[in-house]
Amino acid sequence: MLIHIRNSRGNKDRVVMLSPALLENLRSYFKAYHPKVYLFEGQGGGMYSAKSVQNVVKTAAEKAGIQKQVTPHVLRHSFATHLIENGTDIRHIQRLLGHSSIKATEIYTHVTDAAKLKIKSPLDLL
């Protein structure tokens, strides 16, 4: 239940988890489109361009009724933020994002006010 991402930004490889729900959607997609080399291929085959990926994300956000600007980077930031809010260790998030420095991960992932409210004082645990 892992996805191996090869040659991502900075020519780095990394591994991310694969949700069972997403796996079912990917299987349906694969059966319908029969990709040859890349799971998601451009209209003429081959790799999607960065601009095409941006357009797909923008269109999906519009269809979902999201008013704010959504980019692939915003999705990445949201992914990291949700992991932090759900208690995932920052070192795991660092690995998932492919950061060589924990500082990059700390900058990337702010802790929201809602998450701060969930923090309990050790005195309250007695």
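Buried residues make up 21% of the 126 residues in this protein, where buried means under 20% relative accessible area, exposed means over 50%, and partly exposed is in between (1.4 Å probe, protein chains only). Before going on, a word on the source: this is a predicted model, local features need pLDDT of at least 70, side-chain atom pairs count only at pLDDT 80 or more, and totals for chains, interfaces and linings use all residues. Residues are numbered from 1 along each chain as its sequence is written, and side-chain values use heavy atoms, with hydrogens and water left out.

Overall form, then. The radius of gyration is 18 Å, whereas a compact globule of 126 residues would come out near 14 Å. That radius is taken over C-alpha atoms, and the globule rule is 2.2 Å times the number of residues to the power 0.38. The C-alpha trace spans about 60 × 35 × 25 Å along the principal axes. About 10,100 Å² is exposed, and 59% of that comes from carbon and sulfur atoms; the areas are from the Shrake-Rupley method with a 1.4 Å probe, and for residues only the protein chains shown count as cover.

The secondary structure is six helices and two strands, in the sequence pattern β-β-α-α-α-α-α-α. Helices here are DSSP runs of H or I with at least four residues, strands are runs of E with at least two, and both are numbered from the N terminus.

Start with the strands. S1, residues 2–8, pairs with S2 in the antiparallel sense over five bridges; to count as paired, two strands need at least two DSSP bridges between them. His-4 stands opposite Val-15 in S2. The two strands form a hairpin with three residues between them, and Gly-10 in the turn has a positive phi of about 75°.

There is another positive phi in the loop between H1 (20–33) and H2 (50–63), where His-34 lies. The phi of His-34 is near 45°, and this residue is not a glycine.

Now H3, residues 72–85. From first C-alpha to last, its 14 residues reach 20 Å, close to the expected 20 Å at 1.5 Å a residue; the expected span is 1.5 Å times one less than the number of residues. Which residues of H3 are buried? They are Ala-80, Thr-81, Leu-83 and Ile-84. Seen down the axis, they fall within an arc of 160°, so they line one face of the helix. The arc is that of the directions from the helix axis to the C-beta atoms. Their cover includes strand S2 (12–17) and helix H4 (90–97), with contact meaning heavy atoms within 4.5 Å. Just after H3, Gly-87 takes a positive phi of about 90°.

H4 has its own buried set: Ile-93, Gln-94, Leu-96 and Leu-97. These cover an arc of only 165° around the axis, which puts them on the same side of H4. What do the buried residues of H4 pack against? They pack against S2, H3 and helix H5 (102–108). Ile-90, also in H4, is partly exposed at 24% relative accessible area. Ile-90 and Thr-105 are 15 residues apart in sequence and 7.4 Å apart in space, C-alpha to C-alpha.

Last, the C-terminal segment. Leu-125 lies after helix H6 (113–117) and is exposed, with a relative accessible area of 64%. From Leu-125 to Pro-20 is 105 residues in sequence and 35 Å in space, C-alpha to C-alpha.
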